[in-house]
Amino acid sequence: MDLLLAYEGLIAFVGINGLLALSIYATLSCGQLSLANAGFMAIGAYTGALITLHAPAVPFIVVLLAAALAPSLVAVPLGLPVLRLRGVFLAIATVGFGEVVRLVFVNWDFTNGALGLVAIPQRTHVWTIYLALAVALYVLGRLRGSRAGYALEAIREDETAARTMGIQSTAYKLSMLVLGAALAGLAGALEAHFTFIVSPAGYGFGRVVDMLVQAVVGGAAVFYGPVIGAAFLTVLPEVLRELGARLGLSPGPFRLFLNGVILLAVILYLPSGLASLPQRFRRRAA
Amino acid sequence: MTLVLANVSRSFGGVRAVDDATFAVESGEVHGLIGPNGAGKTTLLNLISGLIPPTGGTIELEGRRIDRLPPYRIAALGVARTYQNIRLFGGLSAADNVVVGRHLKRRAAPFWRRLLMLPSARREEVRAREAAEAGLARVGMRERARSQAYGLSYGEQRRVEIARALAAEPKLVLLDEPTAGMNPNEAAAVARLVREVAGEGRAVLLIEHNVRLVMEVCDRITVLNFGKVIARGTPAEVANDPAVIAAYLGDGA
């Protein structure tokens with residue numbers, strides 16, 4: 001119990017980052033590199049914060065649902081044109097979307113511009129985050145092996161071949177973009193009600209890169225991989241901070257250096273991510 | 001079931017890859033499509049399956065125009081295919097490839113039933129997997145059902161691709177060089193399978209370079225050269241057609 005209190009912030013961020021990594025996994029699972037999720041997260045965070053600030057009586061569950069719904073509604077008109085793009089072009093277009101969202105919030109007086117919204121009451125608890133994460137994991141896990149799950153894998157492997165098998169690839173890709181947007185928006189609102197603030201600076205390009213790196217390091221081939229990656233990369237800097245302090249090293253550079261080295265090692269030696277580790281050991285043992 | 005192509009053309013820039021092609025494929029028929037390299041055979045298959053639209057002419061399936069439909073709609077009307085340059089889902093197992101092939105035939109339970117883990121959803125999945133294994137058995141690949149598609153030999157990949165196409169229970173199957181890279185035994189097994197598939201009342205449109213196999217298996221043959229239909233008829237008629245001999249061996253022959 002003491003441990004939980006001492007590390008409450010860290011534990012909460014593991015969960016929030018897990019949700020965010022899953023949000024990007026949603027589109028990765030059908031082979032789409034969409035980087036709109038920091039924008040979706042911002043829309044969710046602002047939606048949730050605005051409701052709480054202007055209508056404090058609204059139950060938190062309704063706030064969270066609205067925060068998931070708002071970016072989903074934006075994802076449909078965004079996805080219809082941009083999901084026609086492939087590979088790096090989709091990535092560029094969705095990065096552009098993220099920047100547009102950020103700039104809208106920077107310049108919008110209603111949301112207090114670049115300063116953002118402050119003094120949001122804390123309504124998120126650690127258990128709220130982990131309940132949301134558990135639900136997200138369960139839904140994504142049940143997709144595997146279903147008709148839709150097979151269709152998503154087929155699109156990821158070869159979209160053209162999938163289409164000649166009767167798979168309506170655009171509908172599947174759009175559904176996953178919408179699902180990812182909902183998860184990112186939910187994570188955004190959970191974070192906003194945990195850290196008390198929302199500001200446009202928190203939803204820049206760096207944020208979506210974090211999500212992507214966590215998903216890839218954890219392993220985007222299985223639904224639980226991104227959560228492992230998020231946990232690993234959220235906890236690692238803290239462990240290194242501690243380690244560096246004991247060794248008497250200046251915390252900043254050492255931490256960043258080791259973080260980079262570990263990241264590189266995982267990408268080079270575990271291309272399928274941390275989630276593939278058990279399988280690797282089993283193969284070596286056999 | 002009839003597939004009717006009327007004056008179908010497709011240009012790529014200044015090249016007429018398919019030029020005014022007209023022919024029909026009937027149910028229960030194995031229809032060969034032959035011609036020298038670059039004659040437009042694969043382009044024609046891509047036109048029929050909707051991967052590219054024709055620049056002229058019409059394609060009808062059972063009296064219905066399909067030449068402007070997207071590939072997934074054409075598939076839903078009962079057209080399945082294989083690819084000359086094999087397009088299996090490499091990261092999936094052989095069995096999973098065939099399960100994907102059944103996409104249109106699966107009457108999957110709604111997703112909320114899966115979320116509640118109702119047995120009805122489970123049963124449907126088991127059925128789909130059993131059907132896939134049966135499909136693999138038909139092409140002699142049951143033992144390799146669990147193998148990843150990437151790891152299979154060339155001939156094995158072609159057989160899985162055929163199983164994947166048949167899994168949709170199509171009315172029309174388009175086979176693009178199904179025996180390329182196979183040894184004579186494997187090729188003979190494919191030839192038997194093709195006859196069997198036609199015997200079920202399906203139409204088969206077969207591109208094949210193995211002349212002996214084409215002559216044995218096909219009911220009728222259409223010959224393409226430079227995108228144009230230069231001959232059509234029974235194997236015997238086509239084999240003796242002077243235009244065909246000239247196209248294959250050159251005018252001096």
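The exercises below, each with a worked solution, deal with a predicted model.

## Exercise 1: Two helices in chain A

Describe how helix 3 and helix 5 of chain A are placed relative to each other, and list the residues that meet.

Solution.

Step 1. Two packed helices are described by the angle between their axes and the distance between the axes.

Step 2. Helix 3 of chain A covers residues 37-54 and helix 5 of chain A covers residues 88-107; their axes come within 8 Å and cross at roughly 30°.

Step 3. Angles under 35 degrees count as roughly parallel, so helix 3 of chain A is roughly parallel to helix 5 of chain A.

Step 4. On the side of helix 3 of chain A, the residues in contact are A:Gly39, A:Phe40, A:Ala42, A:Ile43 and A:Tyr46. Their counterparts in helix 5 of chain A are A:Phe97, A:Gly98, A:Val101 and A:Phe105.

Step 5. Sorted by class, this contact between helix 3 and helix 5 of chain A has 7 nonpolar residues, 2 polar residues and no charged residues.

## Exercise 2: Two polar side chains in chain A

Find where A:Thr234 and A:Gln32 lie, decide whether each is buried or exposed, and name a polar partner for each.

Solution.

Step 1. A:Thr234 is part of helix 11 of chain A, residues 225-247. Buried means under 20% relative accessible area, so A:Thr234, at 10%, counts as buried.

Step 2. The side chain of A:Thr234 makes a polar contact of 3.1 Å with the side chain of A:Asn17. Beyond the neighbours within four places in sequence, A:Thr234 is in contact with A:Leu10, A:Phe13, A:Val14, A:Asn17 and A:Gln214.

Step 3. A:Gln32 sits in the loop between helix 2 (8-28) and helix 3 of chain A. A:Gln32 has a relative accessible area of 6% and is therefore buried.

Step 4. A polar atom of the A:Gln32 side chain lies 3.0 Å from the backbone oxygen of A:Cys30. Outside the four nearest places in sequence, the contacts of A:Gln32 include A:Thr27, A:Leu83, A:Glu159 and A:Lys173.

## Exercise 3: Salt bridges in chain B

For B:Glu125 with B:Arg129, and for B:Arg159 with B:Glu186, give the distance in the salt bridge and the places in sequence.

Solution.

Step 1. Side chains of opposite charge can pair when their charged atoms come close. Over all chains, the count is 28 salt bridges.

Step 2. B:Glu125 and B:Arg129 form a salt bridge of 3.6 Å, N to O. They are 4 residues apart in helix 5 of chain B, so about one helical turn separates them. B:Glu125 is buried at 6% relative accessibility, while B:Arg129 is partly exposed at 25%.

Step 3. B:Arg159 and B:Glu186 form a salt bridge of 3.4 Å, N to O. This pair links distant parts of the chain, 27 residues apart: B:Arg159 is in helix 6 (residues 154-166) of chain B and B:Glu186 is in helix 7 (residues 184-199) of chain B.

Step 4. B:Arg159 is buried at 18% relative accessible area, and B:Glu186 is buried at 17%.

## Exercise 4: The partners of B:Glu200

Which residues does B:Glu200 join through a salt bridge and through a polar contact of 2.5 Å?

Solution.

Step 1. The salt bridge partner is B:Arg202, with the closest N and O atoms 2.9 Å apart. B:Arg202 is buried at 19% relative accessibility, and B:Glu200 is partly exposed at 39%.

Step 2. The polar contact of 2.5 Å is with the side chain of B:Arg138. B:Arg138 belongs to helix 5 (residues 119-138) of chain B and is partly exposed, at 33% relative accessible area.

Step 3. Leaving out neighbours within four places in sequence, B:Arg138 also contacts B:Leu166, B:Leu193, B:Glu196 and B:Val197.

## Exercise 5: Positive phi in chain B

Where do B:Asn7 and B:Phe226 lie, and what is the phi of each?

Solution.

Step 1. Most residues other than glycine have a negative phi.

Step 2. B:Asn7 is not a glycine, yet has a positive phi of about 50°. B:Asn7 lies in strand 1 (residues 2-12) of chain B and is partly exposed at 41% relative accessible area.

Step 3. B:Phe226, also not a glycine, has a positive phi of about 50°. The place of B:Phe226 is the loop between strand 9 (220-225) and strand 10 (228-233) of chain B. Exposed means over 50% relative accessible area, so B:Phe226, at 66%, counts as exposed.

Note on methods: Residues numbered from 1 in each chain as written. Chains lettered and ligands numbered in written order. Predicted model: local features only at pLDDT ≥ 70, side-chain atom pairs only at ≥ 80, totals over all residues. Heavy atoms only, no water. Axes fitted to C-alpha atoms, helices over the stretch in contact; angles between N-to-C directions. Parallel < 35°, antiparallel > 145°, perpendicular 65-115°, else oblique. Contact = heavy atoms within 4.5 Å. Nonpolar A, V, L, I, M, F, W, Y, C, P; charged D, E, K, R; others polar. Buried < 20%, exposed > 50% of the residue type's maximum accessible area, 1.4 Å probe, protein only. Polar contact = N/O pair within 3.5 Å; in protein donor to acceptor, adjacent residues only side chain to side chain. Salt bridge = Lys/Arg side-chain N within 4 Å of Asp/Glu carboxyl O.
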